[in-house]
Amino acid sequence: MSEGLNQYVVYSLKRALGETRVLRHQSFQYLQKYQMKVISDLYDQIYFSEFDPSLSPLQLRRQLEKELPADSAGETLEISDVLAITRYGITSAYYVDPDKLVSLTGFFHVPSSYLARIFSDAFWKASTRSAKF
């Protein structure tokens, strides 16, 4: 399996948002305890690059913890960052926890207003079709 996109993206909590201050450098367990969600709206992309797909997510994390490349907006990978890895075209997101990477679902989400518009458009089209017989 050698086809497809192989890249990673590092996301860091937005510094301009005051509400992200309490989330910065917190463990995933802390976020769960206080029912806080890890969603892309609270993060800025600070770096992306292609990578060797034979590296495991943990190996990539260890490499980035030492030092991010010079052209990144950050210095190192930190607790509360998100590492998104696209391997062979399939993307997985991981929360950087103190001692592990936590697999995330829903980090990349479609805004609910967008979904509501799609469903209402689909409902309208379906109802108009059934009314034309």
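Reader: Happy to look at this one with you. What share of the contacts with a separation of 6 or more comes from residues 24 or more positions apart?

Author: Glad to help, and please keep in mind that this is a predicted model. Taking the contacts in the chain with a separation of 6 or more, one can ask how many join residues 24 or more positions apart. That share is 66%.

Reader: And in what pattern do the helices and strands follow one another along the sequence?

Author: The chain holds three helices and five strands. Of its 133 residues, 32% count as buried. Read along the sequence, the elements give the pattern β-α-β-α-β-β-β-α.

Reader: Which element gives the most to the largest nonpolar core?

Author: In soluble globular proteins, nonpolar side chains tend to be buried together. Here the largest nonpolar core has 16 residues, and Val 38, Tyr 43, Val 82, Tyr 95, Leu 104 and Phe 107 have the most contacts inside it. Two or more residues each come from strand E1 (7-13), helix H1 (28-33), strand E3 (82-87), strand E4 (90-96) and strand E5 (101-104). With three residues, the element that gives the most is E1.

Reader: Let me zoom in on Val 38: which residues does Val 38 touch, not counting those up to four places away in sequence?

Author: Val 38 is among the residues with the most contacts inside the largest core. Leaving out residues up to four places away in sequence, Val 38 touches Phe 28, Leu 31, Tyr 43, Val 82, Tyr 95, Leu 104, Gly 106 and Phe 107.

Reader: How many residues are in the second, separate core?

Author: This core is separate from the one around Val 38. Tyr 8, Tyr 47, Phe 51 and Leu 83 are included in it. Its count of residues is 13.

Reader: The rings of Tyr 8 and Tyr 47 caught my eye; how far apart in sequence are the parts that this pair ties together?

Author: The chain has eight aromatic pairs. In this one the ring centres of Tyr 8 and Tyr 47 are 6.0 Å apart and the planes stand at 45°, so the pair is tilted. Tyr 8 lies in strand E1 and Tyr 47 in strand E2 (residues 43-50), so the parts tied together are apart in sequence by 39 residues.

Reader: Are Tyr 8 and Tyr 47 buried or exposed?

Author: Buried means under 20% relative accessible area. Tyr 8 and Tyr 47 are both buried.

Reader: What kind of pair do the rings of Tyr 30 and Tyr 34 make?

Author: Tyr 30 is partly exposed at 27% relative accessibility, and Tyr 34 is partly exposed with a relative accessible area of 44%. Their ring centres are 4.9 Å apart and their planes are at 55°, so the pair is tilted.

Reader: Which backbone nitrogen does the side chain of Asn 6 reach?

Author: Asn 6 sits in the segment before E1. At 12% relative accessibility, Asn 6 counts as buried. Beyond its neighbours within four places in sequence, Asn 6 is in contact with Glu 50, Phe 51, Pro 53, Thr 86, Arg 87 and Tyr 88. At 2.7 Å, its side chain reaches the backbone nitrogen of Tyr 88.

Reader: One last thing: what is the volume of the largest cavity?

Author: There is one cavity of 30 Å³ or more. The lining of the largest cavity includes Leu 13, Leu 31, Val 38, Tyr 43 and Tyr 95. Its volume is about 50 Å³.

Technical notes: Residues are numbered from 1 along each chain as its sequence is written. This is a predicted model: local features need pLDDT of at least 70, side-chain atom pairs count only at pLDDT 80 or more; totals for chains, interfaces and linings use all residues. Side-chain values use heavy atoms; hydrogens and water are left out. A nonpolar core is a set of buried Ala, Val, Leu, Ile, Met, Phe, Trp, Tyr and Cys residues joined through side-chain atoms within 4.5 Å. Buried means under 20% relative accessible area, exposed over 50%, partly exposed in between (1.4 Å probe, protein chains only). Helices (H or I, at least four residues) and strands (E, at least two) are DSSP runs, numbered from the N terminus. Contact means heavy atoms within 4.5 Å. Rings of Phe, Tyr and Trp (its six-membered ring) pair if their centres lie within 6.5 Å; planes under 30 degrees apart count as stacked, over 60 as edge-to-face and the rest as tilted. A polar contact is a pair of N or O atoms within 3.5 Å; within protein, one must be able to donate a hydrogen and the other to accept it, and residues adjacent in sequence count only if both atoms are side-chain atoms. On a 1 Å grid over the protein atoms alone, a cavity is a set of points where a 1.4 Å probe fits but cannot get out, and a pocket is an open set with protein on both sides within 12 Å along at least five of seven lines; lining residues have an atom within 4 Å of a point. Grid points are joined across faces, edges and corners, and a volume is the space filled by probe spheres set on the points.
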